[in-house]
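Work through these short exercises with the sequence and the model open. Try each task before you read its solution.

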Amino acid sequence: MVSRKFRAAAVAAVFALLTAGVAAAEPPGAADVEKGELLRVGGSSYPRLVRLEHSGAADGRVLASMTTYADRTGFAVIHESRDDGATFRQIGEIRDPAGEDERGMCCSTLYELPRRVGDMPAGTLLWAGTAGIGADAEQRRSSIRVWRSDDHGRTWSFLSTVVEAPVGPGVWEPEFTVTEDGDLAVFYSDDGDPAHDQKLVQSRSSDGIRWSAPRETVTHPDFAVRPGMAGVRRLPDGTYVMVYEFCNYDPVHVCTVWTRTSEDGWDFGPPGALGTEVVSETGTQPLGTPTISTTPDGGLLLGYQMLAHDRGGLAPGNGRTLLHDPDPSTPGGWREIPAPVRISYNQGGTCRNFSPTTLPTADGESVIHVTTDFEHYIGGPCEAFVGVGPIGGADAAGPGVPPHPLDGS
């Protein structure tokens with residue numbers, strides 16, 4: 001069972017993976033990335049991708065953000081690709097003082113404003129993450145902090161604090177969207193409510209500086225059930241789609257993935273409603289750390305940590321697939337496609353394939369995929385890998401991608 005204590009321990013584990021040094025000798029078979037290239041050297045977590053679409057001459061550039069650790073400080077690194085994901089180079093950093101002195105930083109997001117909010121024009125980049133993850137639970141005081149860039153990710157300035165949790169509980173994994181009426185909305189996981197081990201909440205701002213009191217987004221009456229890790233995108237038809245994980249709800253699958261929709265980007269229905277569970281056409285189920293992106297033709301791409309059979313056990317496509325829904329208006333359209341980055345030994349944890357990210361290429365025919373795995377040795381740095389591959393094609397669980405011997409059957 002995933003619990004509040006486990007969640008805090010998992011974040012601490014991510015922090016430890018970022019701070020780990022490189023082993024003197026790599027044990028045989030430790031690196032298990034079948035396909036994909038190392039994006040950057042050094043600890044990396046929570047990769048996120050965005051294509052600039054409201055930035056004038058910079059439109060078309062692809063930016064990637066990750067959190068990392070050096071000099072006793074957790075911070076973000078920003079990379080840029082000008083060849084649609086084929087290569088990346090670092091262009092910026094976000095060194096938040098709240099991540100210094102081993103307090104750490106994690107669970108971040110990257111977003112380009114599609115329209116003006118307050119004094120921020122369309123094309124302004126926003127980055128937000130959880131600061132204060134490194135301290136012991138008795139001293140930890142986490143907060144979600146927002147930074148702004150007006151030069152396409154090269155330099156950053158602090159904008160605001162969305163929420164500061166009391167000592168002990170955590171606030172995690174922010175996600176932005178701009179509502180139909182023009183406010184900036186943020187969704188995040190909160191494990192500070194005595195009635196819920198974790199819940200999803202939301203807040204809004206007309207300027208990115210002053211934030212409303214949090215409002216519940218997704219809850220469950222069973223204390224142990226943990227909705228979290230929201231992802232939000234707007235489809236070309238104006239519909240907003242939210243994806244999130246529900247942990248401890250399904251006795252067979254630990255963290256199933258669900259969706260909801262909204263017409264205005266703020267009201268996603270009653271907090272206690274379950275939403276729609278994501279299940280592929282063949283009955284496989286994605287588990288944990290979901291992220292979502294939209295294709296130019298209005299489809300959806302889903303990244304996730306593991307893939308299971310409908311009755312449990314890991315499916316052949318585990319660690320090797322993404323899910324694609326070409327027409328979200330028609331229920332049941334999710335299908336497996338080959339993942340550009342493939343991991344041969346994917347059994348969960350806080351590194352392998354944890355919170356991956358996807359972005360369609362400019363022509364909508366392929367997908368850029370960034371995920372994490374151990375590069376040097378198990379327990380060593382968790383590093384980011386990138387690949388680009390077609391969205392169409394044969395089922396990734398077919399003959400071209402044989403199942404791993406440890407996968408369920």
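**Exercise 1. The whole chain**

Task: State what share of the 409 residues in the protein chain is buried.

Solution. Start with the result: 61% of the 409 residues are buried. Buried means under 20% relative accessible area, exposed means over 50%, and partly exposed lies in between (1.4 Å probe, protein chains only). This is a predicted model, where local features need pLDDT of at least 70, side-chain atom pairs count only at pLDDT 80 or more, and totals for chains, interfaces and linings use all residues. Residues are numbered from 1 along each chain as its sequence is written, and side-chain values use heavy atoms, with hydrogens and water left out.

Next, take the secondary structure: one helix and 28 strands. Both are DSSP runs numbered from the N terminus (helices: H or I, at least four residues; strands: E, at least two).

Last, look at contacts, meaning heavy atoms within 4.5 Å. Of those between residues at least 6 apart in sequence, 56% join residues at least 24 apart.

**Exercise 2. A strand and its partners**

Task: Find out why strand β4 (residues 62-70) is described as largely enclosed.

Solution. Count the buried residues in β4. Eight of its nine residues are buried, so the rest of the structure largely encloses this strand.

Now find the partners. Two strands pair if DSSP finds at least two bridges between them. Strand β3 (residues 45-51) runs antiparallel to β4, joined by five bridges. Within that pairing, V50 has L63 in β4 as its bridge partner. Strand β5 (residues 73-81) also pairs with β4 in the antiparallel sense, over nine bridges. Here T67 has A76 in β5 as its bridge partner.

Finish at the turn. The hairpin of β4 and β5 has two residues between the strands, and D71 takes a positive phi near 55° there.

**Exercise 3. An open sheet**

Task: Give the strand order of the open sheet of four strands.

Solution. The order reads β11-β12-β13-β14, with antiparallel pairing. The edges are β11 (171-178) and β14 (215-218), each pairing on one side only. On average, neighbouring strands of this sheet are turned by 30° against each other, direction ignored. Axes are lines fitted to C-alpha atoms, for helices over the stretch in contact, and angles run from 0 to 180 degrees between N-to-C directions.

Zoom in on one pairing. Six bridges join β11 to β12 (residues 184-190). One residue to locate is E175, whose bridge partner in β12 is F187.

**Exercise 4. Aromatic rings**

Task: How many aromatic pairs are there?

Solution. Apply the rule. Rings of Phe, Tyr and Trp (its six-membered ring) pair if their centres lie within 6.5 Å; planes under 30 degrees apart count as stacked, over 60 as edge-to-face and the rest as tilted. The count is eight aromatic pairs.

Take Y111 and F176. Their centres are 6.2 Å apart with 45° between the planes, a tilted pair. Y111 sits in strand β7 (residues 105-112) and F176 in β11, 65 residues apart, so distant parts of the chain are linked. Both Y111 and F176 are buried.

Then take Y249 and W258. This pair is edge-to-face, at 5.8 Å centre to centre and 80° between the planes. Y249 counts as partly exposed because its relative accessibility is 33%. W258 counts as buried because its value is 5%. Y244, F246, Y249 and W258 form one aromatic cluster.
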